[in-house]
Amino acid sequence: KIDPSTKLEDTSDIFDTRARILVARYRGEIVASMRLMFHEPGDLMEHEQFVAFPPDFPRKDEIVEITRVCTHPSFRGSDLLFGLFKHGILPVLQSGRRWVLGSATPKLLPLYAKIGFKVTPVSYRHAAFGNEEHFIFLGDIKSVLAGSGINPFVWNILFGDMWQFLNLNELVETDPLTK
């Protein structure tokens, strides 16, 4: 969505200082990335530059904000984006935060809903991203990993192997029903 003539170094901002940026490479070329931000209660979240969150949203220190998710056009429709999501789960769980917050255009919202995120009515437009409307979504990572609100077939493809790893390493809390 960013102008192709934009230099990579011109895409960084103050939010990078409190973030982990996941990058996928293919033959040395960056083909996808995703930024995970870990805020404290007094921090401004990137999305707050454009919208005010409703009072019933989780606290900032309970949220990992995901932004700048992008994939190279040649890799869209592949499993690359899901691979980024899988690798993003571990830092989210390690942070002790339960919620993931991000945004997407209407075209991509079904994808996020399919993997267990709830689309909110909160939206904004961002000039640097083609001025397209973006909707905020929230995901309860523990519920998603437990399979709540997600098709079992989709869950197994996306999270089955990750769940086994997390469970073996005691990185998720489970009860008999969840197992």
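**A mixed sheet and the helices beside it**

Arg25 has a bridge partner in strand 2, namely Ile30. This pairing comes from a predicted model, and it's a handy way into the sheet. Strand 2 covers residues 29–38, and strand 1 pairs with strand 2 in the antiparallel sense, over 8 bridges.

Zooming out, the sheet is an open one built from 6 strands, lined up in the order 1-2-3-4-6-5. The pairing across the sheet is mixed. Who sits at the edges? Strand 1 (19–26) and strand 5 (118–125) do, and each has a single partner strand, so one side of each goes without a neighbour in the sheet. Going from one strand to the next, the twist averages 25°.

Next up is helix 1, which spans residues 80–95. Helix 1 lies across four strands of the sheet: strand 1, strand 2, strand 3 (63–71) and strand 4 (99–104). Relative to strand 2, helix 1 runs at about 30°.

Helix 1 also packs with helix 4 (residues 152–168), at an angle of about 30° and with the two axes 10 Å apart. The crossing of this pair is right-handed. Which residues actually meet there? From helix 1 come Phe82, Lys86, Ile89, Leu90 and Leu93, while helix 4 brings Ile157, Leu158, Phe159, Asp161, Met162, Phe165 and Leu166. Sorted by type, the residues of this contact come out as 10 nonpolar and 2 charged, with no polar ones.

How values were computed. Residues numbered from 1 in each chain as written. Predicted model: local features only at pLDDT ≥ 70, side-chain atom pairs only at ≥ 80, totals over all residues. Heavy atoms only, no water. Axes fitted to C-alpha atoms, helices over the stretch in contact; angles between N-to-C directions. Helix = DSSP H or I, 4+ residues; strand = E, 2+ residues; numbered from the N terminus. Left-handed = near helix turned anticlockwise from the far one by under 90°. Contact = heavy atoms within 4.5 Å. Nonpolar A, V, L, I, M, F, W, Y, C, P; charged D, E, K, R; others polar. Pairing = 2+ DSSP bridges.
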